[in-house]
Amino acid sequence: MIRYIIKRVLLIIPLLLGVSIVCFILVNLNPSSPAEVTLRINNITVTPQAIEETKKELGLDKPLVQQYVQWIKNLLNADLGTSYETKQPVFDELIQALPVTIYLSFSAILLIAIFGFLIGVLCAVYENSYFDKLARVFIFTSAAMPSFWLALLLIWLFSLKFNIFPSSGLDGIKSIVLPAVTLAVAYISTFVRIIRNSLIQIKSSLFITYAKARGLNKFEILKHKIKNVINPFIVALAMSIPKLFAGTVIIENIFGLPGLGRLCVHAIFARDYPIIQSYILFIAILFIIFNLLADIWLQARDPRLRV
Amino acid sequence: MRYLKIENLSIKDNKTNEILLDDISIDIEENTILGVVGESGSGKSLLCKTILGLIPSNLNIEGKITLNNKDILNNSKIIKDNFCVILQEAINAFNPLYTINYQMLESIKTKQSKKEKLKICIKYLRKVGLKRCSKILKSYPHELSGGQLQRVMIAIALTQNRKIIIADEPTSSLDSINQKEIINILKNLKDKTIIIVSHDLALISHIAKDIIVLKDSKVVEKADTKTIFTNTKNEYTKFLVSTQENLSKEFMSCLK
Amino acid sequence: MRKDFLIKIVDNKLALASLIFITLLIITGLFAPLVSPNDPYLINLDEKLLSYSLKYPLGTDHLGRCVASRLIYGIRTTLFYSLFAMIITVFFGLILGLLASFFKLLRVVILRFCDIMLSFPSELMMLAIIGFLGTGIENIIIAAIISKVAWYTRMIYSFTLNHVNTNYIHFSKVIGIPSRTIIKKHLFPLILSDIIMLATLNVGSIILSISALSFLGLGVQAPTCEWGIMLNEAKELMSINPYMMLPPGLMILFVVLSFNILGDSIRDILDPTYNLKIKDNS
């Protein structure tokens, strides 16, 4: 087991390297150089001289590979650069915005896990009943619904009309309800589908029939079913978390929550490249880590994978 | 004296109105082996499932199944106390995430300590011809072969110590060596009533005292083994027997 | 196989309805100038925020423009750009996927590249590319393409592998049919139906991404007619006229829903056991 973990972690390193290269290249995609952009942000007149000076300042006059190495070195020292706009360390800005996003994401994950599981189980137990059919309609619709539209509808209904929840800002649990619900609805469909289909497959599998034939009581059979559905459940959850983090971008913007997503969009408008770059890197690394965790979990829990 | 009687059993699919078992009546003597033969789809497995109370809810049952004059249709308590099962595909019959040990122990319903149950498991694993029983107990289903798993199934049926064993094609997914050994194990069991379902006449002839032939959801013949193979009056049975004979003839001639 | 396929689609009423809806929409979009009741760009502040009438079937927005017309012209932006992006993505994915299946050297390079690109969730990649290239519709399409190309490549690669390993391809090789013919006659039709399924299932998410980015102001710019932008404008008017949120939102919902239903039906026809598989990589 430990060997497997070490092997997987080692395999990730080239992946992380590749990801960092992509992030680095992305910044240089822009036709106008970062130096020019910095000047424009700070409303300094753009002259060739000024560009040269800024380039030297930002270290952009060195060859690309050197720039990349320097950037990696900085990363490993937790130095993510300085924001073009606010001149604050990017690391600080990210850390400041992180708790809000975590709060939002995990509230949404909780909703997805609880309701997704409940709906999935009920659909499988009462397969093809009215509840199941209704749930499937809900799943299809929620997967097709633009999350920003849902957000607007919920804001109108619960903030403006009924005035139960605030429509923006962050104070107390009340302000996280609508954003978390919106985010959850957007991603719950995949989750319910996985739970429902796994349970249906398990229900009709031979080993459950044999378990009944052997005379196991309902509780013991339930134990068998749950044991087999846990793995898909965990994997689905692990895959949803980073997607959720990415989905916070829209939600935070609509609800005015000062999290990473809003930071990123603001940075895009302001062309604050260091922030955009660090955000992208952060989410990508999160993605990779959660994928890894899901794989390790599966390896630990499914004896069929241990050859 | 235990006495299993199936009276006018009919099963209909509520949705398609298809008749899956048509007026089946069978008497089974205690401590005998009954063979049920027929083509695929004739209703053999469904018959077993009905006796065990394992059929899906969209099927409509009519008729009676009694054991010692007690009605057992859907009476799960009596079924649990008197019946045990050996199924066809042993490879898929076990939960892949639990060890054999766990699954064997949970099948023994008596109030004994874990140690005693373990002893019983090992005793019967040995009886069905498995070696290195402690290793087998620690294994997961995917680590054992089809033959081994099938024997584990028989061992479980034996540990449950019930009077009636229902074996639904217990050897069809095995090679011929394993087939012979398993059929012999079943044949040598004492004090058990066995209903064995198969599409393989040669196998049944080796082990069963009486045979029932099913065709298109109906019973077309009930007789003892000797009659079926030598003196049958039923056209379909004759056809089955002669087909089997032709196949075996080819095989025998290859050996010469 | 194709005739059988079409018959099955027609049989499934929901899929058929979706197909008809999408076709009608595309035709409406193509003939937008003929079909729409008014000029979608015509600003008329005297007639702002009117309710529905004969002249303005869905009313007017805050600048007096006909909502229905904007919706219809929006088909051209949202739907057509998404379809365009999807076609180009599939094209590149197909080339890369096929290259990866048949050339060992390229396979390693292409697949590693896909692994790296797939470490970024696609919405994030779109955001990143928009972030660095700047806003505007061309950049959105480029972003949509780059963010999904790796996924398509991987899927097409695995489809090709699945099919190449089937017995009848081996048999064809054994009896000596040249590789080129095998690819043309056998592989292509098989992969085609898989691709159609993938593409249909994905158009929905491209539409959602493009409209989401436009909603945030990062995509198409006003005054272009686009459903995401219309929702953004509706947001500002929520307290005055909440009904403005309905037409564009419902439109996006129904279009994406139709594509999803269609894609699901195609997938059911191609592989009825799909719903029983656990890992869902879409």
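Me: How many residues does each of chains A and B give to their contact?
Reply: This is a predicted model, in which local features need pLDDT of at least 70, side-chain atom pairs count only at pLDDT 80 or more, and totals for chains, interfaces and linings use all residues. Residues are numbered from 1 along each chain as its sequence is written, while chains are lettered from A and ligands numbered from 1 in the order in which they are written. Two residues are in contact if their C-beta atoms, placed from the backbone, lie within 7 Å. On that criterion, the contact takes 18 residues from chain B and, from chain A, 16 residues.

Me: Which element gives the largest share of the side of chain A that touches chain B?
Reply: Helices are DSSP runs (H or I, at least four residues) and so are strands (E, at least two), numbered from the N terminus. Two or more residues come from each of α10 (218-255) and α9 (206-213) of chain A. The largest share, six residues, belongs to α9(A).

Me: Which strands stand at the edges of the open sheet in chain B?
Reply: Strands pair if DSSP finds at least two bridges between them. The four strands follow the order β2-β1-β4-β5 (chain B), with antiparallel pairing. Each edge strand has a single partner, so one side of each lacks a neighbour in the sheet; these are β2 (19-28) and β5 (70-71) of chain B.

Me: What is the bridge partner of Thr66(B) in β5(B)?
Reply: Strand β4 (residues 59-67) of chain B runs antiparallel to β5(B), and two bridges join them. In β5(B), the partner of Thr66(B) is Asp71(B).
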